[in-house]
Amino acid sequence: MDAEVAANRVAWERASRKHVDEYDELLAEARRLESLRAWELELLGPTLAEAPVVVHLQSGHGLDDVDLLAKGARKVVGVDYSSTAAAAAQRRACELEVGVQYVVAEVPTLPLRDGCADLVYTGKGALIWMRDIQAWATEVARLLKPGGRLYVYEAHPTVPLWSWDEDKPRIRDDRSYFARSHINDSFPANGAQEWQWSLGDIVTACVRAGLAIEALEEYAEPFWRPADGHRAAAWEGRLPNSFSLLARREG
Ligand SMILES: C[S@@+](CC[C@H](N)C(=O)[O-])C[C@H]1O[C@@H](n2cnc3c(N)ncnc32)[C@H](O)[C@@H]1O
């Protein structure tokens with residue numbers, strides 16, 4: 001693991017204490033089964049109807065895993081390099097008696113066998129932590145069975161540009177769509193190194209890994225809003241704030 005990835009992992013280990021401190025609230029949230037958004041379910045519907053084995057990369061608090069099982073998945077394997085996050089998610093899954101197994105490992109070098117997944121699910125703040133987007137896409141393709149699908153629901157790559165001003169949307173002076181990286185300046189991994197991947201980078205990496213793109217949708221709604229109720233004008237409908245990508249492993 002290189003020094004920047006190692007430093008990010010330390011930051012995430014610290015930030016993931018939140019999943020322990022807020023264990024009961026997250027357990028109650030998991031029970032509500034409202035983690036997956038309507039547009040996720042729309043694109044995932046046909047795959048979930050086939051009772052897939054799912055590998056969830058960067059599974060975090062694991063709420064999506066409980067919902068994926070409730071919506072049709074046969075089994076979910078969550079992967080995260082934070083042992084704190086994985087342990088809290090595992091405890092919740094055991095308490096809820098659902099079939100999720102958590103593995104502590106670094107994406108994109110995973111101790112999972114080739115073709116183990118019908119569906120690789122990821123996003124909601126995942127891709128910005130990948131130092132090498134091509135290595136990520138190649139690992140996704142390795143994990144998928146032929147015909148298996150990748151689904152990503154993620155912050156739109158333009159999001160680092162938007163200011164959080166409430167009066168009107170502005171582009172931050174210190175950001176560029178074409179920058180390769182920047183330092184995170186908001187919760188939870190404040191101070192960590194993020195990598196920026198344009199929509200073109202992400203799509204091209206998938207295609208080069210042998211994944212055929214089936215859908216690429218852009219949404220005005222961010223995948224996450226701060227708990228304090230802050231409402232940036234950039235999130236109110238005029239700008240892209242999240243996207244979904246559905247791709248199928250060829251062969
Ligand atoms: C913003 S959180 C999102 C997690 C999840 N999608 C959710 O909604 O809870 C990012 C997660 O990615 C994990 N992570 C970041 N880089 C990683 C890597 N290279 N390998 C494995 N996990 C990683 C962090 O530990 C953290 O749990």
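A polar contact is a pair of N or O atoms within 3.5 Å. The legends below describe a predicted model.

**View 1. Surroundings of the ligand.** In this view a backbone N or O atom of Gly123 stands 3.0 Å from a nitrogen atom of the ligand. With the protein in place, 92% of the 590 Å² of accessible area that the ligand has on its own is covered. Two further pairs involve oxygen atoms of the ligand: one is formed with a polar side-chain atom of Gln58, at 3.4 Å, and one with a polar backbone atom of His61, at 3.3 Å. There are 16 residues around the ligand, and those that come nearest are Gln58, Asp80, Tyr81, Val107 and Gly123. By type, the shell is made up of 6 nonpolar, 7 polar and 3 charged residues.

**View 2. Gln58 and Ser59 in the loop between β1 and α5.** Gln58 belongs to this loop, and Ser59 has its place there too. Gln58 counts as buried because its relative accessibility is 17%, and buried means under 20%. Its phi is positive, near 60°, in a residue other than glycine. Most residues other than glycine have a negative phi. The side chain of Gln58 supplies a polar atom 3.4 Å from an oxygen atom of the ligand. Ser59 is likewise buried, with a relative accessible area of 5%. Not counting residues up to four places away in sequence, Ser59 touches Asp65, Gly78, Val79, Asp80 and Tyr102. Of these contacts of Ser59, Asp80 is also listed among the residues that come nearest to the ligand.

**View 3. Glu139, a buried charged residue of helix α7.** Glu139 is part of helix α7, which spans residues 133-143. Glu139 counts as a charged residue, and its relative accessible area of 8% makes it buried. Where does the side chain of Glu139 reach? It extends to the backbone nitrogen of Leu110, at 3.0 Å. Beyond its neighbours within four places in sequence, Glu139 is in contact with Pro108, Thr109 and Leu110. Pro108 is located in the loop between β3 (100-104) and β4. The peptide bond that joins Val107 and Pro108 is cis, with omega about 15°. Most peptide bonds are trans. Val107 is one of the residues that come nearest to the ligand.

**View 4. Start and packing of helix α7.** At the start of the helix, a side-chain oxygen of Asp132 comes within 3.0 Å of the backbone nitrogen of Gln134. Buried in α7 are Ile133, Trp136, Ala137, Glu139, Val140, Ala141 and Leu143. The cover over these buried residues includes the strands β1 (53-57), β4 (117-123), β5 (144-155), β8 (211-219) and β9 (242-249), together with helix α8 (199-208).

**View 5. The buried side of helix α3.** Tyr23, Leu26, Leu27 and Ala30 are buried in helix α3 (residues 23-32). They are on the same side of α3 because the arc they cover around the axis is only 105°. An α-helix has 3.6 residues a turn, so residues three or four places apart point the same way. Which helices do the buried residues of α3 pack against? They pack against α2 (17-21), α5 (63-70) and α6 (83-96). Just after α3, Leu33 has a positive phi, about 55°.

**View 6. Ala51 between α4 and β1.** The loop that holds Ala51 lies between α4 (38-48) and β1. Although Ala51 is not a glycine, its phi is positive, about 50°. Is Ala51 buried or partly exposed? With a relative accessibility of 29%, Ala51 counts as partly exposed, because that class lies between under 20% for buried and over 50% for exposed.

**View 7. Tyr177 in the loop between β5 and β6.** Tyr177 is located in the loop that runs between β5 and β6 (181-183). Tyr177 is partly exposed, at a relative accessible area of 21%. A polar atom of the Tyr177 side chain lies 3.0 Å from the backbone nitrogen of Leu199. Setting aside residues up to four places away in sequence, Tyr177 touches Pro157, Thr158, Leu161, Gln196, Ser198 and Leu199. Thr158 is 19 residues from Tyr177 along the chain, and their C-alpha atoms are separated by 6.2 Å.

Methods
Residues are numbered from 1 along each chain as its sequence is written. This is a predicted model: local features need pLDDT of at least 70, side-chain atom pairs count only at pLDDT 80 or more; totals for chains, interfaces and linings use all residues. Side-chain values use heavy atoms; hydrogens and water are left out. A residue is near a molecule or strand if one of its heavy atoms lies within 4 Å of it. A polar contact is a pair of N or O atoms within 3.5 Å; within protein, one must be able to donate a hydrogen and the other to accept it, and residues adjacent in sequence count only if both atoms are side-chain atoms. Accessible areas come from the Shrake-Rupley method with a 1.4 Å probe; for residues, only the protein chains shown count as cover. Helices (H or I, at least four residues) and strands (E, at least two) are DSSP runs, numbered from the N terminus. Buried means under 20% relative accessible area, exposed over 50%, partly exposed in between (1.4 Å probe, protein chains only). Contact means heavy atoms within 4.5 Å. The arc is that of the directions from the helix axis to the C-beta atoms.
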